[in-house]
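Q: I should like to learn how to read the features of a protein model one at a time. Where should one begin?

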Amino acid sequence: QLQLVESGGGLVQPGGSLRLSCTASGFNLYSGAIAWFRQAPGKEREGVSCISSMFSSTNYADSVKGRFTMSSDNAKNTVYLEMNSLKPEDTAIYYCAVRRILQNMCSVGDTNWYPNWGPGTQVTVSS
């Protein structure tokens, strides 16, 4: 059974950094497209970034380009979201999601494209 677990969230000051992890069990992330989404209180879930299967390519939402970087560690079956220059508006619950697919494609914003989700990790950016 495919399961995803996020970790690494916490409280950070504006301008600070955090690294989120998404670890999978029951599935090799190398064989899927993986995405990070976030949801702030009272707002819809929005896409942050994605990486295609075989870790071929990455895409980012305009709001995080140049600040966030997605990477992977195949040996640990984990993907990461390195978040720098954090802003208060980055405060949200961050989720990772995966779709089993062996194509060089991923979707940054379509929540319906990803059938498998983790429970999320809270990121709070505040002074």
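A: One begins with the order of elements, which in this protein chain runs β-β-β-β-β-β-β-β-β-β-β from the N terminus on. This is a predicted model. The protein chain has eleven strands and zero helices. Its radius of gyration is 13 Å, close to the 14 Å that the globule rule gives for 127 residues, so the protein chain is as compact as a globular protein of that length.

Q: What box do the C-alpha atoms of the protein chain fill, and what share of its residues counts as buried?

A: Taken along the principal axes, the box is roughly 40 × 25 × 25 Å. Of the 127 residues, 46% count as buried, where buried means under 20% relative accessible area. The protein chain exposes about 6200 Å², and 45% of that area is supplied by carbon and sulfur atoms.

Q: How should contacts along the sequence be read, and what share of them joins residues at least 24 apart?

A: One takes the contacts between residues at least 6 apart in sequence; in this protein chain, 62% of these join residues at least 24 apart.

Q: Turning to sheets, what is the strand order of the open sheet of four strands?

A: As a general idea, strands of a sheet pair through backbone hydrogen bonds, either parallel or antiparallel. Here the order is S1-S3-S8-S7, and the pairing is antiparallel. Strand S1 (3–7) and strand S7 (68–73) are the edge strands, each pairing on one side only. From one strand to the next, the twist averages 20°.

Q: Which strands pair with S8, and over how many bridges?

A: Strand S8 (residues 78–83) is joined to S7 by six bridges, and the two run antiparallel. Strand S3 (residues 18–25) also pairs with S8 in the antiparallel sense, over six bridges. At the level of residues, Tyr80 in S8 stands opposite Ser71 and also opposite Ser21. Another bridge partner in S8 is Met83, which is matched with Phe68.

Q: Why is S8 described as largely enclosed by the rest of the structure?

A: The reasoning rests on accessibility: five of the six residues of S8 are buried, so the strand is largely enclosed by the rest of the structure.

Q: How many residues lie between S7 and S8 in their hairpin, and which residue in the turn has a positive phi?

A: Four residues lie between the two strands of this hairpin, and Asn77 in the turn has a positive phi of about 50°. Such a sign deserves a remark here, as Asn77 is a residue other than glycine. Asn77 is buried, with a relative accessible area of 15%.

Q: Where does Met54 lie, and what is its phi?

A: Met54 is found in the loop between strand S5 (46–51) and S6. Its phi is near 60°, a positive value in a residue other than glycine. At 37% relative accessibility, Met54 counts as partly exposed, whereas Asn77 is buried.

Q: How does one read the surroundings of a charged side chain such as Arg67: is this residue buried or exposed?

A: One reads the location first, then the accessibility, and then the partners. Arg67 has its place in the loop between strand S6 (58–60) and S7. With a relative accessible area of 10%, Arg67 is buried, because that value falls under the 20% cut-off.

Q: Which backbone oxygen atoms does the side chain of Arg67 approach, and which residues does Arg67 contact?

A: The side chain of Arg67 reaches the backbone oxygen of Ser63 at 2.9 Å. A polar atom of the same side chain lies 3.0 Å from the backbone oxygen of Ser85. Leaving aside neighbours within four places in sequence, Arg67 is in contact with Glu82, Met83, Asn84, Ser85, Leu86, Lys87 and Asp90. Among these, Met83 is the bridge partner of Phe68 in S8.

Terms used
Residues are numbered from 1 along each chain as its sequence is written. This is a predicted model: local features need pLDDT of at least 70, side-chain atom pairs count only at pLDDT 80 or more; totals for chains, interfaces and linings use all residues. Side-chain values use heavy atoms; hydrogens and water are left out. Two strands pair if DSSP finds at least two bridges between them. Axes are lines fitted to C-alpha atoms, for helices over the stretch in contact, and angles run from 0 to 180 degrees between N-to-C directions. Buried means under 20% relative accessible area, exposed over 50%, partly exposed in between (1.4 Å probe, protein chains only). A polar contact is a pair of N or O atoms within 3.5 Å; within protein, one must be able to donate a hydrogen and the other to accept it, and residues adjacent in sequence count only if both atoms are side-chain atoms. Contact means heavy atoms within 4.5 Å. The radius of gyration is taken over C-alpha atoms; the globule rule is 2.2 Å times the number of residues to the power 0.38. Accessible areas come from the Shrake-Rupley method with a 1.4 Å probe; for residues, only the protein chains shown count as cover.
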